[in-house]
Amino acid sequence: MHSSTFNFKRSIPGHPWTRLMLVSCLLTLAAAAAWEARCRSWGYAPTLNDNPDLWAMTRAKVQPDSVVIIGDSRAWFDLDLDEMELGLGRRPVQLAIPGSCGYPVLADLADDRNFHGTVICSIVPSLYFAPAGPPIRNAMKAVNRWHKQTVAQRASNELGMLMEEHIAFLNQDDLSLGGLLDRLPVPNRADALLGPPLPPYFETVDRERRARMFEACAIPGPLQDRVKFGWLALFTPPPPPTYVPRQAYMSEMERAVEARFGDTAKAVQAIRARGGTVVFVRLPMSGELKKLEDRASPRSGPWARLLRETGAPGIYFEDYPELADFSCPEWSHLSAPDSTLFTRRLVPYLRKAATTRVHS
């Protein structure tokens, strides 16, 4: 005998459910179209999100003898894949990650016993030698996704790219709920200091992870100013935490930097032992940002020591008049047309460096 507790019958009201569903769908489409129009009016356009899944998809293209670009956003913006393919005879694989340290990717390639190709590693000392924080996390997140990516994540990325190539409001950095909330002017408080804001969206990204600067950022105007005047705060190291003795904190940072030099030398040697090559490059910067970087990490400091201890060839843009004769519109990256010309001029030096063995 059934209890009355289970003798419940849900009666469905007699409403025109088909019409209600159609109206709901139309309202949703109208709201999405309005939001898309609003986002495009702000200057957004369809482009791929550069996320760990896209990086992992690109990492899968690396062959044993590939030319691989790693490092920070300067290598992402400034090195044109078409020009490099013309000059080097192989199409490079773009694995540089904006706002990151190149070491985790270099170590991943060094641990790949099949890899014996050429690595072109961009060096921004404040990023490459960062002992912790976002530069390391950004790179490790991508490398970990490459090793642990699931079938579902790969499928989701493929579906997402199909939509991102046509819909502007899918920009995950600026137009997601988190990105919009980050725009709120929240003041710093005594026990809750906020980091400097990241630059706004100013590039397009394709399926090869090629980044191209927007024309609106390459010419003087509000977007260029927002990007340009944000770099100084981002490139200024944060103060030591108050809950750790200053001397202990500084000693720990020094040990981490020393370890990065040693670990990099080991990674370079591992790739070289298999017949590969690592070439370090210092790419252009301009204006007040260049002055800050030159003060914080002069060429005679980390750059010179890196080449000395790794025995790897290096290309410093200021050594060559044809490479030094470029200005970065927002102080840190080349415009799309300049990146093509710069790469064309850089390729002969890369070709020479890739066949040069420098020993410490």
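User: Before we look at single pairs, what makes two side chains a salt bridge?

Analyst: A salt bridge is a side-chain nitrogen of Lys or Arg within 4 Å of a carboxyl oxygen of Asp or Glu. Please keep in mind that this is a predicted model.

User: Why is the pair of Arg212 and Asp80 called a salt bridge?

Analyst: The closest N and O atoms of Arg212 and Asp80 are 3.1 Å apart, and because the cut-off is 4 Å, the pair counts as a salt bridge. Arg212 belongs to strand β5 (residues 211-213), whereas Asp80 sits in the loop between α3 and α4, so the pair ties together parts that are 132 residues apart in sequence.

User: How do you know whether Arg212 and Asp80 are buried or exposed?

Analyst: Asp80 has 7% relative accessibility and counts as buried, because buried means under 20%. Arg212, at 29% relative accessibility, counts as partly exposed, because partly exposed lies between that limit and the 50% over which a residue is exposed.

User: What makes Arg74 and Glu293 a salt bridge, and where do they lie?

Analyst: Their closest N and O atoms are 2.4 Å apart, which is within 4 Å, and therefore the definition is met. Arg74 is part of helix α3 (residues 73-78) and Glu293 of helix α14 (residues 287-296), so this salt bridge joins parts of the chain that are 219 residues apart in sequence.

User: Why is Arg74 called buried, and why Glu293?

Analyst: The relative accessible area is 1% for Arg74 and 3% for Glu293, and both residues are called buried because the limit is under 20%.

User: Why are Asp65 and Arg90 called partly exposed?

Analyst: Asp65 has 36% relative accessibility and Arg90 has 33%, and each counts as partly exposed because the class runs between 20% and 50%. Their side chains also meet in a salt bridge, at 3.2 Å from N to O. This pair links distant parts of the chain, with Asp65 in the loop between α2 (52-59) and β1 (67-70) and Arg90 in the loop between α4 (81-88) and β2 (93-94).

User: How many salt bridges are there, and which residues form a network of them?

Analyst: The structure holds 25 salt bridges, and a network of them links Asp82, Glu85, Arg91, Asp206, Glu208 and Arg210.

User: Which residues have the most contacts inside the largest nonpolar core?

Analyst: Inside this core of 84 residues, the most contacts are made by Ile70, Leu79, Leu106, Leu109, Val119 and Phe280. Helix α5 (residues 103-111) gives the most to the core, with six residues.

Terms used. Residues numbered from 1 in each chain as written. Predicted model: local features only at pLDDT ≥ 70, side-chain atom pairs only at ≥ 80, totals over all residues. Heavy atoms only, no water. Core = buried A, V, L, I, M, F, W, Y, C linked by side-chain atoms within 4.5 Å. Buried < 20%, exposed > 50% of the residue type's maximum accessible area, 1.4 Å probe, protein only. Helix = DSSP H or I, 4+ residues; strand = E, 2+ residues; numbered from the N terminus.
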